[in-house]
Amino acid sequence: MRALVTGGAGFIGSHLAATLIERGDDVVVLDSLATGHRDNVPEGAAFVEGSVADPDVVATAVAGCEVVFHLGALGAVARSVAEPLTSDTANVRGTLAVLTAARDAGVRRLMFASSSSVYGGAEVVPTPESAPLRPRSPYAVTKLTGEHYCRVFAELFELETVALRYFNVFGPRQRPDSVYAAVIPLFARALLDGTRPFVHGDGQQSRDFTYVSDVVAANLAAADAPTAAANGKVFNIAGGYQHSLLDLLAELGRIVGTTPDPEFGQARAGDVRHSCADPRAAQDALGFECAVTLGTGLERTIDWMRSQLPTP
Ligand SMILES: NC(=O)c1ccc[n+]([C@@H]2O[C@H](COP(=O)([O-])OP(=O)(O)OC[C@H]3O[C@@H](n4cnc5c(N)ncnc54)[C@H](O)[C@@H]3O)[C@@H](O)[C@H]2O)c1
């Protein structure tokens, strides 16, 4: 199978591209390197540097592909609060350009990387896909808009689409060195460096942390699921476990071998208080279930972070 992975130089996309290559697929990676890194693109993948919002570039990259995994986007709620128009161009115009090029190239199915943020502080936790959607940040609006475009393309055209709502993904290659870094790399880096982890708010906010190999497995399951089960649908991708940031810190402290002494600051605009998936729809329709526990995933992540430290 020939597959296009947009965002394949980024954290999740590079793991997905590597897994596809390992199982013998032909892979094209399209990435602007806005936040991704050329080194992440696995050996054996063709690499096209350019924006998903550029229709000509996307048309070149998608030619001959049977499936598209569309992960190329600007993540981070805080970035979208600071620069909503930039996020919109990459995430909304980008998704529409990728959908259109995939349709025109005769692609069988496109998997879209959506986000738990579309729920925006759901009242029902664990949250099923049918819960009301109330995005609380420009980023979440871009992801919900992408979902709508995916469903509309599935209804109007031959192109099949599946939207996957990822919940707080973590693992090796997720970097701590960005102003918009995610909480696990930031906490892990602080503990490894012996500095105080910074907690926005009281630390009782909770997340459904999902290890990256499970997100890869969900994408593969979505690509192979029967049309009736998957086409035009949206699925939560997570284990359905709720962990507070203070629980997370304690677990990281255990692995690193230190007692965290967090510094607390203001809660961040646009962040939701609790986020936890009801994962049953993906189990039923895609036969997908998360396999990696938080503890095991954190151990692998810390091992990787340690391997990145300069040798003394
Ligand atoms: N990490 C999470 O917890 C999480 C949660 C929900 C959804 N997602 C979604 O999963 C996808 C991958 O996220 P990630 O965590 O690997 O982030 P990432 O920043 O590591 O990867 C995104 C990749 O997209 C590329 N990109 C950005 N703008 C682009 C553009 N205009 N054209 C082409 N490429 C562009 C970046 O250079 C980067 O390589 C994103 O769509 C993100 O919104 C991530």
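**Entry 1: the shell around the ligand**

I sorted the shell around the ligand by class and got 14 nonpolar, eleven polar and two charged residues. I note here that the model is a predicted one. In it, 27 residues surround the ligand. I wrote down the closest of them: Phe 11, Asp 31, Thr 35, Tyr 139 and Val 169.

Next I looked up which elements supply the shell. I found that α1 (11-22), β5 (109-115) and α5 (138-156) each give at least two residues to it. The largest share comes from β5, with three residues.

**Entry 2: backbone atoms and ligand oxygens**

Which residues place a polar backbone atom 2.8 Å from an oxygen atom of the ligand? I found Leu 71 at this distance, and I found Val 169 at 2.8 Å as well. Val 169 is also on my list of the closest residues. For Gly 10, I read 3.0 Å between a backbone N or O atom and an oxygen atom of the ligand.

I then looked up how much of the ligand is covered. On its own the ligand has 820 Å² of accessible area, and the protein covers 89% of that.

**Entry 3: two domains**

I looked up the domain assignment of the protein chain. It gives domain 1 as 2-167 + 211-237 and domain 2 as 170-207 + 240-308, so I kept in mind that each domain is written as two stretches. Their C-alpha centres lie 22 Å apart.

How many residues of each domain are in contact with the other? I have 37 from domain 1 and 28 from domain 2. I also wanted an area, because the size of an interface is often given as the accessible area lost when the parts come together. For domain 1 and domain 2 the buried area is about 2800 Å², and 64% of it is on carbon and sulfur atoms. On the domain 1 side, Phe 11, Tyr 211 and Asp 214 supply 26% of the area buried against domain 2, which is more than any other three residues. I had already met Phe 11 among the residues closest to the ligand.

**Entry 4: backbone details in two loops**

I checked the peptide bonds and noted the one from Val 125 to Pro 126. Is this bond cis or trans? I read it as cis, with omega near 0°. Pro 126 sits in the loop between β5 and α5. Both of these elements supply residues to the ligand shell.

I also noted Leu 33, where phi is near 60°. This is a positive value in a residue other than glycine. I located Leu 33 in the loop between β2 (26-31) and β3 (46-49).

Technical notes. Residues numbered from 1 in each chain as written. Predicted model: local features only at pLDDT ≥ 70, side-chain atom pairs only at ≥ 80, totals over all residues. Heavy atoms only, no water. Near = heavy atom within 4 Å. Polar contact = N/O pair within 3.5 Å; in protein donor to acceptor, adjacent residues only side chain to side chain. Areas by Shrake-Rupley, 256 points an atom, 1.4 Å probe, with all protein chains shown as cover. Helix = DSSP H or I, 4+ residues; strand = E, 2+ residues; numbered from the N terminus. Nonpolar A, V, L, I, M, F, W, Y, C, P; charged D, E, K, R; others polar. Contact = heavy atoms within 4.5 Å. Buried area = accessible area lost by both parts, 1.4 Å probe.
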